[in-house]
Amino acid sequence: SDILAAKLPGFLEKIPRQLEETRGRCAANLSGLQGLVGEDPASPLTVMTPQGGWNVLLRFPSHIDEDELVEKLLKDFGIYCQPGYFFDLPFAGTISLSLLLEEDLFRENAAKVLRTITALS
């Protein structure tokens, strides 16, 4: 416990910078996703306005089964996301994506998610 007590001030000192980096990455990834969706004016996808946190909900036509989509993304690309019903939404056709990934990886994975949804539409 003496070792932890000695290291604690250094750990606490790093928190503000790490929070700022995480906020910046989440904001950049959200903006990138909005840009990808916005590239196609006929896209059936909507980026829902985040309510806080580091996830974003992506809405798509409700005839696409959330569970099948989540399973397909995991199987085909190793992309893990959560179906919207995990969040008790009153409508079908959403998945939750984490905004925590590094920007390049997020953009690459988001493009795969969008292509997969568009193919199923």
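1. In this predicted model, residue T116 is buried, with a relative accessible area of 6%. T116 belongs to helix α3. Leaving aside its neighbours within four places in sequence, T116 is in contact with L69, K72, L73 and F77.

2. The surroundings of T116 lead to the packing of two helices. Two packed helices are described by the angle between their axes and the distance between the axes. For α2 and α3, the axes come within 11 Å and cross at roughly 125°. At that angle α2 is oblique to α3, and the crossing of the two helices is right-handed. On the α2 side, the contact is made by L69, K72, L73 and F77; on the α3 side, by K112, V113, T116, I117 and L120. Sorted by class, the residues of this contact are six nonpolar, one polar and two charged.

3. Which residues touch the most other members of the largest nonpolar core? They are L33, L58, I95, L97, V113 and I117, in a core of 24 residues. Two or more residues of this core come from each of the following elements: α1 (2-38), β2 (55-59), α2 (66-77), β4 (94-98) and α3 (103-120). Both helices and strands therefore appear among these contributors.

4. I117 deserves separate mention, as a residue of the contact between α2 and α3 and one of those that touch the most other core members. Not counting residues up to four places away in sequence, I117 touches L45, L58, F60, I64, L69 and I95.

5. N55 lies in strand β2. Is this residue buried, partly exposed or exposed? With a relative accessibility of 26%, N55 counts as partly exposed, because the partly exposed class lies between the limits of 20% and 50%. When residues up to four places away in sequence are not counted, N55 touches P50, Q82, F87, S96, L97, S98 and L99. One of these, Q82, is 27 residues from N55 along the chain, and the C-alpha atoms of the two are separated by 9.9 Å.

6. A further point concerns the backbone at D88. Most residues other than glycine have a negative phi. D88 is not a glycine, yet has a positive phi of about 55°. The residue is placed in the loop between β3 (82-83) and β4. D88 is exposed, with a relative accessible area of 70%, whereas T116 is buried at 6%.

How values were computed
Residues numbered from 1 in each chain as written. Predicted model: local features only at pLDDT ≥ 70, side-chain atom pairs only at ≥ 80, totals over all residues. Heavy atoms only, no water. Core = buried A, V, L, I, M, F, W, Y, C linked by side-chain atoms within 4.5 Å. Buried < 20%, exposed > 50% of the residue type's maximum accessible area, 1.4 Å probe, protein only. Helix = DSSP H or I, 4+ residues; strand = E, 2+ residues; numbered from the N terminus. Contact = heavy atoms within 4.5 Å. Axes fitted to C-alpha atoms, helices over the stretch in contact; angles between N-to-C directions. Parallel < 35°, antiparallel > 145°, perpendicular 65-115°, else oblique. Left-handed = near helix turned anticlockwise from the far one by under 90°. Nonpolar A, V, L, I, M, F, W, Y, C, P; charged D, E, K, R; others polar.
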